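Work through the exercises below with the structure open beside you, and try each task before you read its solution.

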Amino acid sequence: FESSRLFPLKMPTLVCNNMSYRLVGSTWLFAAVLAVTPESASCAFDIGERADDSTCALPLARDAALLQRAALSSRSGLHTDVEGSAPWWQAWGADARVATEAIVGDMTWEEKLRLVTGHGEGWDAYTLRSGFYTGITLDVPRLNIPAILAQDAAQGFRTSDPKVVGTVTSWPSGLAMAAAWDTALTHRYASAIGAEFRGKGANAILGPSLDIVRVMKAGRNVESLSGEDPLLGAANAREYVSAMKGQGIACVGKHFILNGQETNRYSYNSVASERTKWEVHYPPFVAGIEAGLASVMCAYNSVDGSQACENSELIQGDLKGRMGFQGWVMSDWWAIHSRPNAARSGLDQIMPGTQNVWDSNDLKNSAGEARVDDMARRVLFGMISTGAFDRPSCIAALGWTCPSLLYANVTSCEHTALAREVAAASAVLLKNDGVLPLKKGVRVALLGSACNLRQETDPDAIPWNRGDYYVVGGSGRVLSPNAISVRQALEAPGLPGLGSYAGSLAGGN
């Protein structure tokens, strides 16, 4: 890191076994000190703070961990990424598959378990605590493998933490993007969302939602990039996944499969013929796989009588077999019903890791070491092959919260303009007899209280799954402090004056 970043701070001090080392000059000298420090040493970093901004210490602490990782790498023959250098994993081979095989071959049993089991530290029952990403795995420092830091959801960085509200763009929904019928715009949309995720320290996005809409009251139709059309979904999936890869973000396509409603979502059974699956429901996932999906999330519901996350015919037969999917299958949150059956049926990773469903003995007995090797291999390959592990942005040696990045402001005027472009493109104008665009002096009648409703912008003040006229509820909710009602927009400067219509607006206005 640049020396100018250190100038306003005290010089960092490394204390190992009661011996102090102070950084003077090259950071690589500091790394060299770490490289010769015994692995059993007790080390701590003392990073100074600006007198006027205590948060400035956080990036430096992160950099200190990066140097520590560089030292660990020197012992194992690896190297840590520096801007412009080859990715760390290429020390095992230039090809992603060759490197993955070699890394997994070097891993211990406990290290493999870190890849296939979520780390549920951020969850308090069913509530995501402030300061955490939605889904995380532990890193493997000995081999330089970063943590997976996955965040909801496909239409923007989820704002479950009040301090994140206003630091990200509240993008139009996936269904709005689909309604634009513009794959080039889909690519720009996904690229901008991916840039915000990367800026927030995440390396995976829990999306896109590729389900085909079959029930109009399903509850989460608004998240779908497919709408009712499998060909449209396939075209959008290709562009979305490709754009995310360009930003170094791994995509998790969801929800596999036949996830058609929210009512009784844990218990209902979807039944479909093989032809219906392949012609209607599978095409968006096939296209996503071809574009480089890192992971596929299995659904809560059952399919043809068997729970989706434990359905070997779907996962092993169709997804990994006939579709040739090489990435990993991730469970939806708390979706596992049967302890021994899930891994045998093809599930590779359990999320969020609070259920204590998979322990070491359970996996050895129910799945076997060869199957766990395959699970770890798929997770690692998914992250490496998509570029998500090329540029570790958050060093998990300091925990899995990365506040210096999580609370960074990553939205921009350009992203706001693009969001408006997508929203405008999603509107389908069926008829216009010269009314639009509105002309000065025209009177507009607004009918219904929805035209003047206020949006709640504090995520702690409303149930997590509640949506409104402005945003979807649930895991895809991205609140904005700048939402304005239809009436407020029409009354804005530069637009014609507005008169009320029979007191129909909220509050009698």
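**Exercise 1: Peptide bonds and an unusual phi**

Isoleucine 257 sits in the loop that runs between strand 9 (250-256) and strand 10 (269-270). The model you are looking at is a predicted one.

Task: Find out which form, cis or trans, the peptide bond from phenylalanine 256 to isoleucine 257 takes.

Solution: Begin at the end of strand 9 (250-256), and step into the loop where isoleucine 257 is found. The omega angle of the bond from phenylalanine 256 to isoleucine 257 is near 5°, and this peptide bond is cis. Next, move to the loop between strand 7 (149-151) and helix 5 (174-179), where alanine 153 is located. A cis peptide bond is present here too, joining aspartate 152 and alanine 153, with an omega of about -20°. Finally, look at the loop between strand 4 (123-124) and strand 5 (127-128), which holds alanine 125. This residue is not a glycine, and yet alanine 125 has a positive phi of about 60°.

**Exercise 2: Two helices that cross**

Task: Decide how helix 3 and helix 13 are oriented to each other, and name the residues that make their contact.

Solution: First locate helix 3 (residues 96-106) and helix 13 (residues 369-385), whose axes come within 9 Å and cross at roughly 140°. Angles over 145 degrees would count as roughly antiparallel, and those from 65 to 115 as roughly perpendicular; helix 3 and helix 13 are therefore oblique to each other. As for handedness, helix 3 passes helix 13 in a right-handed crossing. The contact is made on one side by Ala96, Arg97, Thr100, Glu101, Ile103 and Val104 of helix 3, and on the other by Asp373, Ala376, Arg377, Leu380, Phe381, Ile384 and Ser385 of helix 13. When the residues of this contact are sorted by character, they divide into 7 nonpolar, 2 polar and 4 charged.

**Exercise 3: The largest pocket**

Task: Describe the largest pocket by its volume, its lining and the helices that contribute to that lining.

Solution: Start with the volume, which for the largest pocket is about 1,200 Å³. Then turn to the lining, which consists of 33 residues, with Ser170, Arg420, Asn482, Ala483 and Ile484 lying nearest the centre of the pocket. By character, the lining residues divide into 19 nonpolar, 12 polar and 2 charged. Lastly, ask which helices take part: helix 15 (413-426) and helix 16 (486-490) each supply at least two residues of the lining, and the largest share, 5 residues, comes from helix 15.

Note on methods:
Residues numbered from 1 in each chain as written. Predicted model: local features only at pLDDT ≥ 70, side-chain atom pairs only at ≥ 80, totals over all residues. Heavy atoms only, no water. 1 Å grid on protein atoms, 1.4 Å probe; cavity = no way out; pocket = protein on both sides within 12 Å on 5 of 7 lines; lining within 4 Å. Points joined across faces, edges and corners; volume = space filled by probe spheres on them. Helix = DSSP H or I, 4+ residues; strand = E, 2+ residues; numbered from the N terminus. Nonpolar A, V, L, I, M, F, W, Y, C, P; charged D, E, K, R; others polar. Axes fitted to C-alpha atoms, helices over the stretch in contact; angles between N-to-C directions. Parallel < 35°, antiparallel > 145°, perpendicular 65-115°, else oblique. Left-handed = near helix turned anticlockwise from the far one by under 90°. Contact = heavy atoms within 4.5 Å.
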